[in-house]
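Me: I'd like a close look at how chain B packs on the inside, with the rest only as background. Could you walk me through it in plain bench language?

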Amino acid sequence: MSETSKSVPKIQRIVAILWPSFVVSGIATILFFTLFDPVEIIACIGGSDISRMGYYSIGFFMFWLLTSLNSVLTCYFLKPCSK
Amino acid sequence: MTEKNTQDVEMTPLEEVYAKRKKIFPRQVTGIFASLRFSGVMILLGIYYLGPLLQWNGRQAILFDLPARKFYIFEWIFWPQDFIYLAALLIIAAIALFLVTALAGRVWCGYACPQTVWTEAFLWIERKVEGSRASQIKLDKAGWSWAKFRLKFTKHFIWLSFSLLTGFVFVGWFTPIAELSERTLSLELGPWEIFWVLFYGFATYGNAGWMREQVCMYMCPYARFQSAMFDKNTLVISYDEKRGEPRGSRKKGSDYIAEGKGACVDCSLCVQVCPTGIDIRDGLQYQCIGCAACVDVCNEVMEKMGYEKNLVSYTTENALDGKKESFFRPRVIIYVVLLAVSTLALLASIAQRVPLGLDIIRDRSSLYRETDEGMIENVYTLKVMNMDLKDHRYSLAVGGVEGLLVKKPNKGILVEAGTVVTYPIRIQVNPEYLKAASTKLIFYLNAIDDDAISIEVGGRFLGPVFN
């Protein structure tokens with residue numbers, strides 16, 4: 001492990017991945033579902049009948065998954081290259 | 001700083017999730033700032049837990065009804081179309097925070113931040129169960145016994161119950177809480193409601209019970225950039241080094257000046273009360289959330305010693321250096337102007353808001369159709385949203401092309417309060433008047449009983465082009 005990642009507490013490293021992605025996925029969820037009503041989208045493409053609350057929640061966690069993937073990659077590329 | 005780094009490196013091999021952190025047991029403090037924080041905590045928790053119970057015209061006064069896609073705030077109902085107001089409100093809140101920070105430093109952190117508020121509540125519970133700072137430390141050091149288990153169990157049980165209540169009330173801001181309570185009692189909560197009660201409850205328990213000051217240090221973006229709003233006239237909590245040093249213990253009533261000592265008796269109470277575990281005498285640190293617990297406790301000590309108060313105090317860098325302080329500086333004036341302009345703009349636009357929405361959706365199945373009479377016809381679906389508190393009948397007019405015919409109802413479109421009506425219409429145009437494949441149309445919609453409620457929305461008419 002590199003010097004920098006050693007000097008950063010583990011909790012801070014976990015938080016650096018999960019927390020910014022949580023905040024951004026919250027913003028993304030608000031913007032996305034303000035523009036699009038999930039019930040209408042599902043009515044168009046045909047799908048199961050989950051409540052709106054369910055679609056919002058699934059949407060939020062999908063966004064969180066994607067944004068944390070982004071954070072993980074950022075952290076990964078921050079590591080110095082091995083020779 | 002270098003000292004801190006070596007500490008971190010030394011402790012790394014432990015690799016504990018929450019660690020490299022000594023648990024902080026903040027000592028209870030009394031005084032003017034502690035009372036201020038207590039009132040802040042009570043008011044904010046009161047708003048949070050009792051807010052959803054407020055009623056207005058037979059419904060929940062403040063309800064962010066996500067399942068129905070409507071926000072109720074007293075007399076107002078906001079729709080997804082009104083998103084811009086929410087964005088404006090957030091901008092105003094951010095500028096207000098900048099202004100407060102420039103003037104008074106981190107008062108937000110010390111008195112109003114939810115992290116502080118719930119941590120205070122959890123600390124209060126902890127003290128009620130486990131006793132004072134000294135008994136808490138003793139209890140944590142002691143081996144496991146029945147008595148220790150009982151105390152720890154009680155504490156976590158109360159913490160978890162309180163967190164569950166918090167999670168329940170959280171969901172109650174988004175779905176009507178009366179109905180939610182009924183369904184809870186009859187065990188008919190939906191899976192997503194249960195999920196969010198648990199999720200928010202768990203977040204409360206984790207953040208206020210376990211993470212505490214680490215949230216401020218590692219998770220809070222504001223804690224990182226607040227120093228950008230600081231200047232030499234910003235209120236900060238500061239130790240008067242000139243007066244305090246050299247610190248040292250002494251007998252009460254002894255002439256410390258003759259002994260060559262400063263006013264600081266080195267009792268370490270300021271460190272014991274600090275919720276983030278820092279020593280304010282080391283100077284301003286980013287971990288300091290400006291709660292002023294050290295100010296309160298030091299003043300108590302100074303009073304007992306018969307010394308002048310405010311060895312640790314809210315003060316500004318300029319005051320400490322004996323320079324002139326200024327209140328109205330460019331930074332403050334800019335924030336005030338921005339705040340005033342954005343607030344007025346928001347209020348004005350809400351006052352002028354027309355409670356009517358119109359979406360025009362062109363029929364997707366065909367571009368256009370030629371009728372038997374040789375006219376070009378387009379089909380649209382109108383979605384008329386009545387965002388007002390009473391029913392309205394609306395009349396529709398369409399313009400944009402000469403000789404345009406609208407096949408629509410004569411009596412207007414009736415839409416009940418707070419509902420959406422979808423309405424199909426057909427528009428016919430003589431192809432002679434069409435100059436392009438796509439022509440802009442304007443749809444005018446106005447309430448028959450109220451001239452103030454009218455909007456116009458653009459649409460497209462597609463047809464063949466004859467050159």
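Reply: One definition before we go in: two strands count as paired if DSSP finds at least two bridges between them. Helices (H or I, at least four residues) and strands (E, at least two) are DSSP runs, numbered from the N terminus. This is a predicted model, where local features need pLDDT of at least 70, side-chain atom pairs count only at pLDDT 80 or more, and totals for chains, interfaces and linings use all residues. Residues are numbered from 1 along each chain as its sequence is written, chains are lettered from A and ligands numbered from 1 in the order in which they are written, and side-chain values use heavy atoms, with hydrogens and water left out.

Let's start with the layout. The domain assignment splits chain B into domain 1 (16–228), domain 2 (231–320) and domain 3 (356–462); bounds like these come from an automatic or database assignment. The C-alpha centres of domains 1 and 2 of chain B sit 31 Å apart. Where those two touch, 26 residues of domain 1 and 23 residues of domain 2 take part, contact meaning heavy atoms within 4.5 Å.

Now the inside. A nonpolar core here is a set of buried Ala, Val, Leu, Ile, Met, Phe, Trp, Tyr and Cys residues joined through side-chain atoms within 4.5 Å. Buried means under 20% relative accessible area, exposed over 50%, and partly exposed is in between (1.4 Å probe, protein chains only). The largest such core has 46 residues, and the members touching the most others are B:Ile237, B:Ile280, B:Cys294, B:Val295, B:Tyr307, B:Leu311 and B:Val312. Elements of chain B that each give at least two residues to this core include α2 (32–50), α3 (83–104), β6 (236–239), α14 (293–305) and α16 (330–351). The largest share, eight residues, is from α14(B). This core also crosses the domain assignment, drawing at least three residues from each of domain 1 and domain 2 of chain B.

Take B:Ile280 as a way in. Skipping neighbours within four places in sequence, B:Ile280 is in contact with B:Ile237, B:Tyr239, B:Cys270, B:Gln285, B:Cys288, B:Cys294 and B:Val312. Apart from the core just described there is another, of 24 residues, with B:Leu396, B:Val398, B:Val429 and B:Leu441 among them.

Two of those contacts of B:Ile280, B:Ile237 and B:Tyr239, lead to strand β6(B). In a regular strand, side chains alternate between the two faces of the sheet. β6(B) is covered on both faces: B:Val236 and B:Ser238 are buried on one side, B:Ile237 and B:Tyr239 on the other. The partner of β6(B) is β7(B), residues 312–315, paired antiparallel over four bridges, and B:Ser238 faces B:Ser313 across that pairing.

The loops next door have some backbone oddities. B:Ala292 isn't a glycine, yet has a positive phi of about 70 degrees. B:Ala292 lies in the loop between α13 and α14 of chain B, and is counted as buried because its relative accessible area is 1%. A cis peptide bond links B:Glu245 to B:Pro246, with omega about -10 degrees; B:Pro246 is in the loop between α12 (241–244) and α13 of chain B.

Another spot worth a look is the open sheet of three strands in chain B, ordered β3-β4-β5 with antiparallel pairing. Its edges are β3 (62–65) and β5 (76–78), each pairing on one side only. Neighbouring strands there are turned by 15 degrees on average, direction ignored; the axes are lines fitted to C-alpha atoms, for helices over the stretch in contact, with angles from 0 to 180 degrees between N-to-C directions. β3(B) and β4(B), residues 70–73, share four bridges in the antiparallel sense, and B:Ile62 is opposite B:Ile73 in β4(B). In the loop between β3 and β4 of chain B sits B:Arg69, a non-glycine residue with positive phi near 55 degrees. B:Arg69 counts as buried because its relative accessibility is 13%.

Last stop: B:Thr204, in helix α9 (residues 191–211) of chain B. B:Thr204 counts as buried because its relative accessibility is 8%. Beyond neighbours within four places in sequence, B:Thr204 is in contact with B:Trp118, B:Phe122, B:Ser163, B:Thr166 and B:Gly209.

As background, chain A has four helices and zero strands, and 29% of its 83 residues count as buried.
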